[in-house]
Amino acid sequence: MTMQTRTLGTTGPQVSALGLGCMGMSALYGEADRAESIATIHAALEAGVTLLDTGDFYGMGHNELLIGEALRAAPAARREQALLSVKFGALRDPDGGWSGYDGRPAAVKNFAAYSLQRLGVDHIDVYRIARLDPDVPIEETVGAIAELVEKGYVRHIGLSEVGAETIRRAAATAPISDLQIEYSLISRGIETEILPTTRELGIAVTAYGVLSRGLISGHFTADRQLAANDFRALSPRFQGENLQHNLNLVEALRKIAEQKGVSVAQIAIAWVLSRGDDMVPLVGARRRDRLTEALGALDVTLDEADLRAIEEAVPADAAAGDRYPTQQMSHLDSER
């Protein structure tokens, strides 16, 4: 496996073709193994992965502390290659609940100060609000990040889960490197308006949920019992008839993967990679074996016949169920 590189838009840094999403090491997917999480981050860096993605609200700061610990324990050369993408703005309470988003300029700078401390770094490579704050114009939020760029605390400005109009307004305020948004074989809503807009403006896409939270990884089964603190226990796509329908799609995809001698996860990730050089998939591996499998997608070449077969097996809009519960879907600017 040779690690490929891609550039985050016309204004962003050059990064590895696959990034590591670290959220699951701290929150929302049940218990995680701290030692294995750190070993997985080290293995990713050793394999040439440069982009590490986190959020200051993942485990209420736990994830940033975990990444900071992993970077301190990594060899200097590996530590220096790491590029940190950080989301901010989500408000939490002591019970683990969610209380909205805060994109006020003073809050932006406050969140950044705490992230720099927890991560143990002097700058953040890509900084973005996790969701649009409906009470604060995006121009004010992005303008505050631009001030952090001027002072050297942030290198590049990103966006997350916003729609085409918001993207245009943000880009008119300051240079935007990338949009982080869910994109996979069964989550293709961005193809209508959002992806054409990012491409027109020279903004890259860092795609999360490329395996739809494990649903199309080839490892999820209908009888799997999810922990109470696992987000998927509430996700519509993992419920009842929706789950069975979606797993049937996975089995159709598995037949194509087996013909090519690769895993379901590898062909699903390779499909996202095939969407364009402006697309950087984030893989949410929490263990080294899953990371190794994901990295194998870099060696998978999909020709036109493969892509047609995949499209027939998993057509756009084939998934059953929304990607988030109804209340959360209503808060997504990207769905409006």
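**A barrel of parallel strands**

In this predicted model, eight strands close into a barrel, following one another in the order E3-E4-E5-E8-E9-E10-E11-E12, and their pairing is parallel. Within this sheet, neighbouring strands are turned against each other by 30° on average, with direction ignored. Strands of a sheet pair through backbone hydrogen bonds, and the pairing can be either parallel or antiparallel.

One pair of strands shows how the barrel is joined: strand E9, covering residues 154-160, runs parallel to strand E10, covering residues 178-182, and three bridges connect them. Leu 159 has Leu 179 in E10 as its bridge partner.

Helices accompany these strands, and the secondary structure of the protein comes to twelve helices and twelve strands. Helix H2, residues 62-73, lies across strand E4 (51-55) and strand E5 (83-88), and this helix runs at about 150° to E4.

A single residue can be followed in another helix, since Asn 246 is found in helix H8, which spans residues 240-260. Asn 246 has a relative accessibility of 1% and therefore counts as buried, the limit for that word being under 20%. Leaving aside residues up to four places away in sequence, Asn 246 touches Leu 215, Arg 237, Ala 319 and Ala 320.

Turning to the protein as a whole, buried residues make up 58% of its 336 residues. Among contacts with a separation of 6 or more, 75% are between residues 24 or more positions apart. The radius of gyration is 19 Å, which agrees with a compact globule, because a globule of 336 residues would have a value near 20 Å.

Technical notes:
Residues numbered from 1 in each chain as written. Predicted model: local features only at pLDDT ≥ 70, side-chain atom pairs only at ≥ 80, totals over all residues. Heavy atoms only, no water. Helix = DSSP H or I, 4+ residues; strand = E, 2+ residues; numbered from the N terminus. Buried < 20%, exposed > 50% of the residue type's maximum accessible area, 1.4 Å probe, protein only. Contact = heavy atoms within 4.5 Å. Pairing = 2+ DSSP bridges. Axes fitted to C-alpha atoms, helices over the stretch in contact; angles between N-to-C directions. Rg over C-alpha atoms; globule rule 2.2 N^0.38 Å.
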